[in-house]
Amino acid sequence: MTGQPTPPTLTIERVTAVHGHGAQARMVLAPTSLGVYPGESVAVVGRSGAGKSTLADITLGLRTPAGGRVLVGGDEWCTPTGRPARSERRLVQGVPQDPLAAFVPRWTLGRSIEQAVRRLTGDRDTESRVHRAAQLARLDVELLGRRPSEVSGGQAQRAAIVRAVAPGPAVLVADEPTSALDADTASAVSAALLSITRELGIALLLVTHDPAVAERCTRTLTITAPVP
Ligand SMILES: Nc1ncnc2c1ncn2[C@@H]1O[C@H](COP(=O)(O)OP(=O)(O)OP(=O)(O)O)[C@@H](O)[C@H]1O
């Protein structure tokens, strides 16, 4: 008996994006296809304006593609007419460029993370998920008791990784996650992100301008702006 081949964790099939409507409509992402298997990391590179963040936003379910579709675990995740169901949102999580975007400023980091895990998983007891993710991200759990303004940029970005990993996603999308950090901190944070996704078998899409970060990924996808 021959089994079906396992589908990639993340499949992007001829996805395109358009900004504007009618006569103002302009294609901003040329047809893009990609498959990412568990534990693989794909660096998304290309010139400024090529459409990298647009692809990241579509994969996160934050933007609707104009064409094509995104599948997670072989199931449709988003299409030009379909958004991810609320119950599925846990499956794709993001690590933003500015980690402060992931947290409520007046809350402790821990409270923001617990709230997100509870909302996405329905679990009341979030502590073991959060502690495990903090251990993997090498974030001292003591720091979860601080507000975002009370930690360094590198610590905040590690906390943003904890927030993204703790709900148990299949796919992580990180859009320039280290561009606001100094070189040494950026290197340590990207190493943490890559080792966590490898260890947990998460498919990682990593938008970066940093060749050193791209080199550490399993593969590189170069995006080219659509021809006008
Ligand atoms: N809200 C918007 N309205 C109109 N055009 C937009 C909007 N956001 C982005 N664009 C355009 O879409 C194209 C792709 O933008 P995108 O941010 O995806 O590029 P990028 O490759 O991530 O660039 P960068 O490396 O500078 O971050 C660009 O031409 C940009 O000007």
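Biologist: Happy to start with a backbone detail: which residue just after α1 takes a positive phi?

Modeller: This is a predicted model, so please read every value in that light. The positive phi comes just after helix α1, at about 80 degrees. The residue that takes this phi is Gly 61.

Biologist: Thanks! And how many of the residues of α1 are buried?

Modeller: Going through the helix, the buried residues are Lys 52, Thr 54, Leu 55, Ala 56, Ile 58 and Thr 59. The helix is largely enclosed by the rest of the structure, because the buried residues number 6 of 8.

Biologist: What angle does the direction of α1 make with that of β1 in the sheet it packs on?

Modeller: The sheet in question is open, with 4 strands in the order β2-β1-β4-β5 and antiparallel pairing. Its edges are β2 (26-36) and β5 (75-78), each with a single partner strand, so one side of each has no neighbour in the sheet. Neighbouring strands here are turned by 35 degrees against each other on average, direction ignored. Helix α1 (residues 52-59) touches β1 (10-19), β2, β4 and β5, and the angle between its direction and that of β1 is about 120 degrees.

Biologist: Staying in that sheet, which residue in β5 does Val 72 stand opposite?

Modeller: Strand β4 covers residues 67-72 and pairs with β5 in the antiparallel sense over 3 bridges. Opposite Val 72, in β5, stands Asp 75.

Biologist: Now the ligand, surely a favourite topic for you: which element gives the most to the shell around it?

Modeller: Around the ligand are His 19, Val 28, Gly 46, Ser 48, Gly 49, Ala 50, Gly 51, Lys 52, Ser 53 and Thr 54. By residue class, the shell divides into 2 nonpolar, 7 polar and 1 charged. The top contribution is 3 residues, and the element that gives them is α1.

Biologist: Over to the parallel sheet: what is the bridge partner of Asp 175 in β8?

Modeller: That open sheet has 5 strands in the order β6-β7-β8-β3-β9. Strand β7 (residues 171-175) and strand β8 (residues 203-207) pair in the parallel sense over 5 bridges. The partner of Asp 175 in β8 is Val 207.

Biologist: One last thing: which strands does helix α4 touch as it packs on the sheet?

Modeller: In this sheet the twist averages 20 degrees from one strand to the next. Helix α4, residues 153-165, has a direction that makes about 175 degrees with that of β6. The strands touched by α4 are β6 and β7.

Notes
Residues numbered from 1 in each chain as written. Predicted model: local features only at pLDDT ≥ 70, side-chain atom pairs only at ≥ 80, totals over all residues. Pairing = 2+ DSSP bridges. Helix = DSSP H or I, 4+ residues; strand = E, 2+ residues; numbered from the N terminus. Axes fitted to C-alpha atoms, helices over the stretch in contact; angles between N-to-C directions. Contact = placed C-beta atoms within 7 Å. Near = placed C-beta within 6 Å. Nonpolar A, V, L, I, M, F, W, Y, C, P; charged D, E, K, R; others polar. Buried ≥ 20, exposed ≤ 12 C-beta atoms within 10 Å, placed from the backbone.
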